[in-house]
Each structure stands twice: as structure tokens, then as C-alpha cells.
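User: I would like a close look at a single helix, and at how its two sides differ in their surroundings. Please then set that helix in the context of the chains and domains around it.

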Amino acid sequence: MRKVEKYHAIKVDTEKCMGCTHCMKACPTEAIRIKGGVAAINANRCVDCGNCLRACPVNAFYVNHDTLEQLNNFKYRVALFPSVMIGQFPDIYSEGMIYEALMKLGFTHIFEVEQPISLLIDSITENVNSAKNKPAISSFCPAIVRLIQSRYPSLVDNIVPVKAPHDLAACYALDILSKKGAARDEIGIFYVSPCSAKMAAVKNPVGEAESIVDGLINMTDLYNLIMGVISKEEKQDTSSLRKNLTHDGIVWSLPRGEARHFKRKSMAVDGIHNVVKILERMENGEVPELDFLELKSCHQGCSGGILLTGNRFLTVERLQKRSKRYAIASQNEVSDFICRGIKDKLRAAPIQPNYVFALDTDRVKALEKLQKVDRILCQLPGIDCGSCGAPNCHALAEDMVQGDAKMTDCIFLQNRYLNENKITVAKATRNLEKAWGKKRFDADCNKKGGRNEGF
Amino acid sequence: MNLEFDIVSGDFSMAGRASSQIKKVLKQLQVEPKVIKRIVVAIYEAEVNVVAHSLGGKLTALFDEKGIEIELKDNGPGIADIDLAMQTGYSTASKQVRNMGFGAGMGLPNIKKNTDELAIKSKVGVGTTLTFRNYF
């Protein structure tokens with residue numbers, strides 16, 4: 001197991017966190033435990049999918065990002081954003097109005113990242129055609145790539161080693177500006193992210209020394225800023241900024257946006273829990289022969305991104321309508337605007353497995369731990385209540401064999417020990433406070449949570 | 001360390017339960033992914049065999065530091081000609097089973113391909129015991 005903590009984007013605001021179990025139960029990699037009354041994320045396990053943000057009733061999770069104040073440090077200020085951003089706005093705001101609002105906020109150049117999508121399609125197709133391991137799995141969604149690295153290491157070789165649209169778009173933007181004579185340090189590239197996973201991937205790309213972008217903007221923040229300055233009529237024609245945008249680019253991040261290029265020998269799955277089910281079956285050899293498998297962590301693809309504001313289905317609807325006004329990618333000439341050497345830049349570093357779920361690197365020890373887990377499970381109630389601060393009884397047993405938890409962390413066992421006079425009430429209370437914090441068990445009519453969280 | 005699973009005859013919806021559970025354990029032991037894949041495919045095939053052809057049975061998985069041993073013991077009807085059953089494409093599966101996408105006669109040959117050691121004992125009217133071993 002790796003001891004070095006890897007970078008991940010999602011953080012817990014311990015002031016806001018009230019220590020419930022919503023996030024812990026929603027996490028697909030069992031990366032969350034409750035300690036001292038607040039959620040703690042295991043960085044090695046976290047894939048930044050954002051399900052915890054969605055589940056949190058008090059908005060206690062956040063992702064690190066930059067502010068627009070940093071725009072002032074640059075002469076040329078580039079907004080790079082995925083097309084889904086347009087989709088979240090109500091229909092009354094045209095794409096032109098949104099572009100104008102971005103200019104008002106201080107950006108000098110605006111690029112939707114899916115503009116050079118035909119290059120990406122060509123590159124992925126080449127990879128798929130020559131792939132030794134079928135189906136080739138899309139590398140588009142960073143949460144899925146990380147999920148495969150940790151939970152499905154046998155499938156890492158199926159991932160297409162092609163970079164994401166934002167890498168290409170950043171390269172494109174830099175090229176255009178440098179042709180106009182701008183120096184690199186005069187250009188500020190700001191990526192507007194629809195989710196925590198892309199945040200982490202842009203901030204800390206696999207196999208690269210540094211990120212290509214200068215700033216990361218949270219899409220929710222930008223939405224609010226745009227809504228503050230947007231005007232209800234178009235004053236200038238910004239359509240030339242979108243001349244390279246295509247139908248295929250706009251729908252790329254929606255379900256089947258990638259898979260549609262591989263027709264019937266492809267499949268698209270959205271929602272990380274659905275993805276888990278498909279990958280399990282794929283490992284068992286139960287998935288039919290396919291060329292390409294598109295996997296997206298969020299339901300309805302990036303339209304369901306956690307940093308988007310609109311309803312995901314309305315966003316899909318608007319994007320689909322919008323895409324019909326644009327030409328399809330193959331009819332669009334991209335070669336004249338793409339920087340030289342981009343083909344090499346498209347290739348991402350090979351993806352390595354990350355065995356975070358192994359109990360021990362030493363197999364004899366791992367086997368001993370496994371047996372111990374089995375024995376501990378005989379003692380635990382199997383209710384999976386989460387009162388110990390772990391998502392289920394099995395996870396608690398695993399924590400115990402790793403030395404991170406004790407038998408008395410289980411409230412049911414504790415009750416048994418109390419009855420058997422093995423521990424004192426004072427000790428039992430201290431144990432509970434360890435997971436849930438002090439004063440958590442006092443009556444409090446103003447406490448957060450516990451109300452209106454059902455139907 | 002061992003795990004046991006009951007396999008019910010005709011319950012295709014549950015075929016794959018044992019292989020999924022065993023896979024989880026193999027991952028916790030950090031077994032080489034390619035080795036896991038072979039083991040899981042072999043177990044899944046074997047599970048389907050018991051579901052499709054037998055009157056039900058039991059799967060036992062034994063783990064040690066060197067490898068895994070799987071034993072599938074069913075309650076009949078037994079295989080009359082084992083050599084024939086081992087041939088690719090040979091199947092006694094009913095039309096109903098074939099319509100469900102099983103019974104192509106690939107089961108036993110596929111298990112053999114994915115295991116390091118394989119033994120099969122069968123007595124008509126009593127049952128079949130399939131044992132295989134894979135090294136980590």
C-alpha cells in the first residue's frame with residue numbers, strides 16, 4: 001500500500017460538518033469515516049466523484065479553487081469551459097449573452113473546450129482500432145479512471161491513453177495567442193470545472209510535471225457571477241468565437257456523446273454506482289464483445305456534474321437542441337488552427353494500478369488479516385448502521401485489522417460489554433464521543449440535521 | 001481461510017455471486033490482476049455449470065499464500081462421459097437453457113483453459129465433484 005497521500009480535490013469544512021452518515025454511505029470507495037463528529041476522507045481511496053457533496057445536507061464539502069481576482073495578473077485572460085456550462089442557463093439567455101457576460105467579468109478570450117473534438121475522435125478511434133484489450137474504456141471521466149486504478153486494476157490496460165478535451169483546448173488557446181505575439185507569462189488560462197474530479201485532474205495531471213492551466217474556476221461560482229452581470233439582449237456578435245464548435249463537441253460530455261462514434265459495438269454507462277456494476281461484470285467476462293465503453297461518473301454525464309446549477313435533464317435538453325444548430329465534426333476543418341505537435345500531446349501517460357484495497361502487501365499477512373476480519377464479523381451485528389463511524393460492519397472489521405478501530409467502536413458490542421460488566425458507562429460514553437464528538441448526545445432543538453431529510 | 005457458497009439449481013440470477021465475492025477477497029490479497037481474471041472466469045463458468053446442469057451443489061474456496069483451491073460438489077445427476085463433456089462445443093443443455101445464452105459447450109473447456117490444475121470426478125446418479133487450483 002502506498003503511504004504517500006495523493007492529491008484530491010474534495011475537502012471537509014469541519015465547521016459546517018455536523019457528523020451525520022449521509023456522505024459515508026454514499027461513497028463508492030468507502031473512503032469516508034466519521035471521527036470526532038466530522039467526516040474524514042481517506043485521500044488514497046477518494047476518486048473525487050463528488051457523491052459526498054451531493055449527499056451532504058449541510059453543504060460541508062468543498063473543492064479548492066481560484067477566484068477571478070487572479071485575472072488581474074495577466075494581460076490575456078482565457079476562459080476555458082466545457083459546453084455543458086451553457087446548458088445549465090435558462091433558455092432566455094442565449095449563448096451570445098453568456099459569452100458577453102464572460103467578457104464583462106474580465107476575460108479577453110473565450111474557448112469552449114470541445115472545439116477541436118474531431119482530433120480527439122480521430123485519436124480515440126486509432127487507439128480503439130489498435131487496442132489489444134477490448135473494450136477500450138474512455139479516459140474522459142477522471143473519477144472513473146481513478147476508480148479503475150484502485151478497484152479494477154485488471155482493467156487499467158483497457159483505458160484509452162488519450163487526454164481530455166481541456167488539455168487540447170488549452171494548447172489551442174496558447175498557440176493562437178502566442179501567434180499574436182503574447183508571451184506565455186502574459187497569458188492566464190482559467191479552466192471552469194463542472195466537477196471535483198476534473199478539478200483534481202487539472203490540478204494534478206497524471207504523469208506530468210505541471211498543469212497547463214493557471215487557474216481553476218468553480219462552475220457554480222462562475223454561474224453566480226454571470227447571472228449578476230448578464231444582460232437580456234445581445235449587444236455584440238460573438239459567434240466567430242464559436243466557429244469551430246461542432247455538434248459532436250457539444251454532446252461529447254453527455255451520455256453516448258463518445259460512444260456514438262463507435263456505433264453498435266459500444267456501450268455507455270452513467271452514474272458511478274452503475275459503472276461499478278458493469279465493471280464487476282466485465283471483470284467476470286460477462287460483458288459482450290465491445291469496441292468501446294464510455295463510462296461517466298455522474299448521471300446524465302457532465303450535465304449532472306456536481307458544480308452545475310441547473311437540473312441535469314433540462315441541461316441535456318438544452319444542449320441537444322443547441323447541438324442541432326452546429327455542423328458535425330467531420331465536416332469541420334480543424335487542421336488549420338491546431339498547434340503543431342498536438343498529436344503527440346494527445347497521448348497521455350500509461351495508467352498504473354493503485355492497490356489501495358489490499359489488506360497488506362505481504363500476502364501471508366494479508367491472509368491473516370482476512371481471517372481476522374472474518375472472525376470479527378462474527379461478533380458484529382451486521383446492521384450496517386454506521387454508528388461506529390464506518391460505513392458498514394465489514395468496513396469496521398477491516399479498519400480494526402488495520403489498527404484504525406476497536407471492537408468497542410461498535411455500539412452493539414459496547415452494549416454487550418456493558419451488560420457483561422466488561423467496561424464502564426464512562427468508558428462507553430468516551431468511545432461514542434470519539435466518533436461523534438462531545439455534547440453530541442445532549443438534547444438540542446437547534447441542532448443541524450435530522451429534520452426533513454426523508455421524503 | 002475458506003469461503004462456502006450454496007448453489008441452487010436453475011437460479012441463473014444468482015450465478016456469479018460466488019465469483020464476485022471471491023474476487024473481492026483476491027483483490028484484498030493483492031493478487032496479480034491477470035491471475036484474478038483467470039480464477040474469476042473459471043469460477044463463474046463452474047457456477048453456471050452447477051446452476052444449469054445439476055440438481056444444485058456447494059462451492060468451497062480455500063485460500064492459502066500460494067494460491068486458491070476451488071471445489072464444486074453437486075448432488076447429481078453426474079456426467080456419463082467426462083472426455084466428451086470436456087470437448088469444446090459439446091453440450092447437453094436444454095433448449096431453454098441455450099435460449100438464456102448458456103449451454104454453448106464452452107464451460108468445462110473454458111475452466112480448463114483458465115486453471116493451473118483441474119480434476120473432475122463423477123458418478124451417474126450420485127454427482128460430480130470438480131476441483132481446480134490456481135497459483136498466485
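**Helix α14 of chain A and its surroundings**

Analyst: On one side of α14(A), the residues A:V364, A:R375 and A:C378 are exposed. This is a predicted model, and what follows should be read with that in mind. On the other side of the helix, A:A366, A:K369, A:L370, A:V373 and A:I376 are buried. These buried residues cover an arc of only 125 degrees around the axis, and they therefore lie on the same side of α14(A). The general background is that an α-helix has 3.6 residues a turn, so residues three or four places apart point the same way.

The length of the helix can be checked as well: α14(A) runs over residues 363–379, and its 17 residues, at 1.5 Å a residue, should span 24 Å, which agrees with the 25 Å that separates its end C-alpha atoms.

As to what lies over the buried residues of α14(A), the cover includes α15 (393–401) of chain A together with α1 of chain B. That second element leads to the interface between the chains, where 20 residues of chain B are in contact with 19 residues of chain A. On the chain B side of this interface, α1 (17–28) and α2 (33–53) each supply at least two residues, and α2(B) gives the most, with seven residues. By class, that side of chain B has ten nonpolar, five polar and five charged residues.

Within chain A, the assigned domains are domain 1 (10–63), domain 2 (68–346) and domain 3 (363–423). The C-alpha centres of domain 1 and domain 2 of chain A lie 26 Å apart, and twelve residues of domain 1 are in contact with 17 residues of domain 2. On the domain 1 side of that contact, helix α2 (residues 51–55) of chain A contributes the largest share, three residues, while the residues of that side divide into six nonpolar, three polar and three charged.

One further residue of chain A may be placed in this picture: A:Q70 lies in the loop between β4 (61–63) and β5 (76–81) of chain A. A:Q70 counts as partly exposed because 15 other C-beta atoms lie within 10 Å, a number between the limit of 12 or fewer for an exposed residue and that of 20 or more for a buried one. Although A:Q70 and A:D221 are 151 residues apart in sequence, their C-alpha atoms are 14 Å apart in space.

Conventions
Residues numbered from 1 in each chain as written. Chains lettered and ligands numbered in written order. Predicted model: local features only at pLDDT ≥ 70, side-chain atom pairs only at ≥ 80, totals over all residues. Helix = DSSP H or I, 4+ residues; strand = E, 2+ residues; numbered from the N terminus. Domains from an automatic or database assignment. Contact = placed C-beta atoms within 7 Å. Nonpolar A, V, L, I, M, F, W, Y, C, P; charged D, E, K, R; others polar. Expected span 1.5 Å × (residues − 1). Arc of directions from axis to C-beta.
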